[in-house]
Structures are given as structure tokens and as C-alpha cells.
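Here is a short report on one chain and its ligand. Look at the structure first, then read on.

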Amino acid sequence: MTTKRNFIKQFLKDKKMVGSVSPSSKFLAHKMLENIDFASCKTLVELGPGTGVFTDLIIERMAPDAKLFVFELNDEFYKNLAVRIDDSRVHILHDSAEYIQKHLGKNEKADVVISSLPLMVFPEELRNNVIKESHNSLKDTGKYIQFQYSLQSKKLLQSTYEDVTVKFTIKNLPPAFVYTCTK
Ligand SMILES: C[S@@+](CC[C@H](N)C(=O)[O-])C[C@H]1O[C@@H](n2cnc3c(N)ncnc32)[C@H](O)[C@@H]1O
């Protein structure tokens, strides 16, 4: 099955978990990662990789001694990534984004959390848990980068992070907002 067809199939199975009918564009992937200084990132976290559009680009750019923790709850997406990605720096986890710290090393904090989670279709409790867990998992100098299809998340992220900047791109279906949040 093609990547796009599998994505639609997973969306139809669980719309609230998958949150989109197709994978993000390469353009959005570049936009999500453009403000990350990969040379200085030792611990990276990705939430909701789906078919891995962002994951592949992160792997291309991450430092040889860096680690990437990837959280995917959907069974099919998880299995495909776990089979396809063979890189000792990368940990593909079949767990919810609510439990990031359980998988990091003792006292380990992330330099960056890159999230594609459909926050605004999540139940409120899950949304709040993920935002809190991501914030607690980051270093004081860390960044939380999230894309969404609307500006609905802005207030919520502003209530958690000191600074939130938003960029818009039309080169994705649907067009997307990229939030970059710092503590
Ligand atoms: C909008 S899709 C984005 C997929 C991909 N990153 C992209 O941009 O094409 C959201 C992804 O988040 C995953 N997801 C939803 N809830 C999750 C959770 N609580 N923990 C981890 N992943 C989750 C879904 O299975 C899906 O792969």
C-alpha cells in the first residue's frame, strides 16, 4: 500500500488520533526544522511521526552523537517505522506523548521537542498532559516546535511558554501554522 493510502486508512480508523488525511509536505518538514541548530542538539524528541516525513529529515541532520526519541501511538505507523528505520541513534517508541520522561535517561532533558500531534482535536485532558509533559521534558534552553492547521493553540502555548512565534505556510495541504516556543 502506498504511504498516502495507508495514511488515509489510519485516519479513517481513528480520526481524532491521526488528525489529518495525508502526510505533511516536504516543505512543511523543512519549515518545522529550519530553526533548529542540529550541531548543538544532543537529545531530540519527535511526537506523532506518522509515516516519518519529519523523522527522515531529522535523522539526516542530527549529529552523530545525538539521540532521537520518537513517540507513535498508532500501531500501523509504529510498526512501519520500527521496521524501516535502522539507526542506533534512534529509539522508536510505541507509547503516548504523555510519557516522554519515562523513556529519557535519568536527569536527561531534551534540546528540542518536534510535535505533529493534532492537539485541538484531542480531549482536553490529553492535550494538557502532552503540553505539560513536553515542557517538563525540555532543557531551560530547549524549544518546542509544533504545527497546527489553525491559530487555536496559540493562547494555550503562550500560557505555558515565555515566547511563542508563529509562521504560516501555504505549501502544505491543508496550509499550516508552525509554532516555535521557548521557555
Ligand atoms: C497529523 S498526524 C502527523 C503525522 C506526520 N508527522 C506528518 O506530519 O505527516 C499526527 C500523528 O500523531 C500520532 N499520535 C496521536 N496521538 C498520539 C499520542 N498520544 N502519542 C503519540 N503519537 C500520537 C498519530 O498516530 C499520527 O501519526
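Start with a pair of helices in this predicted model. The crossing of α3 and α4 is right-handed. By class, seven nonpolar and two charged residues make up the contact of α3 with α4, and no polar ones.

How do the two axes lie? The axis of α3, residues 26-33, comes within 9 Å of the axis of α4, and they cross at roughly 50 degrees. That angle makes α3 oblique to α4, because oblique covers angles that are neither roughly parallel, roughly antiparallel nor roughly perpendicular.

Which residues meet at this contact? From α3 come K26, A29, M32 and L33; from α4 come V53, F54, L57, I58 and R61.

Now turn to the ligand. It has 22 residues around it, and S24, G48, G50, N74 and S116 are the closest. Two elements give two or more residues to this shell: α2 (15-18) and α4 (53-61). Helix α4 thus appears in the shell around the ligand and also meets α3.

The table sets out the two groups by class.

| Group | Nonpolar | Polar | Charged |
|---|---|---|---|
| Shell around the ligand | 13 residues | eight residues | one residue |
| Contact of α3 with α4 | seven residues | no residues | two residues |

Last, the whole chain. Its secondary structure comes to eight helices and seven strands. The radius of gyration is 15 Å, and the globule rule gives 16 Å for 183 residues; these are close, so the chain is as compact as a globular protein of that length. Along its principal axes, the C-alpha trace spans about 40 × 40 × 30 Å.

Technical notes:
Residues numbered from 1 in each chain as written. Predicted model: local features only at pLDDT ≥ 70, side-chain atom pairs only at ≥ 80, totals over all residues. Near = placed C-beta within 6 Å. Helix = DSSP H or I, 4+ residues; strand = E, 2+ residues; numbered from the N terminus. Nonpolar A, V, L, I, M, F, W, Y, C, P; charged D, E, K, R; others polar. Axes fitted to C-alpha atoms, helices over the stretch in contact; angles between N-to-C directions. Parallel < 35°, antiparallel > 145°, perpendicular 65-115°, else oblique. Left-handed = near helix turned anticlockwise from the far one by under 90°. Contact = placed C-beta atoms within 7 Å. Rg over C-alpha atoms; globule rule 2.2 N^0.38 Å.
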